[in-house]
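Student: I have a structure in front of me that is new to me, and I would like to understand the words used to describe it. Could we go through it together?

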Amino acid sequence: MTMVSWDEEWAQLKADALARQQQSPRTRLNQLPADGGGSGGPGDQLRVNADSIDGSSHLLIEIAGVLYEGRMDGENATMGRAPRSHPDVADAVDAFARHAKDQYTDAVVLLAALSSKLTSANNTYADYDDGARRELDAVLVCGQYVAPRGG
């Protein structure tokens, strides 16, 4: 197994993320026009790219995994404990290790929650589109054209 430095690994992770970003559509936040649209008029154009949302959801989980793998090694905290180091240093290392663990745990949980919300939003959009499609299909299949009466 070849060992690589953190800088080399980080550079590779950034290059991989950039390559993925260039291969798939980018996530774009949807918004209404600044002219106050939203009344059902011609300015309303809310569009969703399901592949982009799904890809972003998976990317958040990948980032959470990378953070989890990069968490502070227990051996590092153990090496900083007394009597191997000065008691003040041991206390500082312990405080830092606890704070770092809390921070990375919060970040991992946040990224996982955001991923779940994106997946849920994507499913909601897909369900809504399917419902609208079924209703339009029903009109086409069951509807009957009635010619206007001349008068």
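Student: What pattern does the protein chain follow, read along the sequence?

Tutor: The pattern is α-α-α-α, with four helices and zero strands in the protein chain; here helices (H or I, at least four residues) and strands (E, at least two) are DSSP runs, numbered from the N terminus. This is a predicted model, in which local features need pLDDT of at least 70 and side-chain atom pairs count only at pLDDT 80 or more, while totals for chains, interfaces and linings use all residues. Residues are numbered from 1 along each chain as its sequence is written, and side-chain values use heavy atoms, with hydrogens and water left out.

Student: Which element of the protein chain has the lowest mean pLDDT, and which the highest?

Tutor: On pLDDT, the predictor's confidence in each residue, from 0 to 100, α3 has the lowest mean, 71, and α4 the highest, 86. The mean for the protein chain is 76, and 77% of its residues reach 70 or more.

Student: Why is S85 called buried?

Tutor: Buried means under 20% relative accessible area, exposed over 50%, and partly exposed in between (1.4 Å probe, protein chains only). S85 has 18% relative accessibility, so it counts as buried. S85 is found in the loop between α3 (74–79) and α4 (87–142), and, not counting residues up to four places away in sequence, S85 touches G80 and A90, a contact being heavy atoms within 4.5 Å. Buried residues make up 11% of the 151 residues in the protein chain.

Student: What makes the pairing of D94 and R98 a salt bridge?

Tutor: The term requires a side-chain nitrogen of Lys or Arg within 4 Å of a carboxyl oxygen of Asp or Glu. The side chains of D94 and R98 meet at 3.0 Å, N to O, and therefore the pair fits the definition. D94 and R98 are four residues apart in helix α4, which means that about one helical turn separates them.

Student: Are D94 and R98 buried or exposed?

Tutor: With a relative accessible area of 33%, D94 is partly exposed, whereas R98, at 55%, counts as exposed.

Student: How many salt bridges does this rule give?

Tutor: The count comes to two. One of them joins D130 with R133, where the closest N and O atoms are 2.9 Å apart; both residues lie in helix α4, three residues apart, about one turn of the helix.
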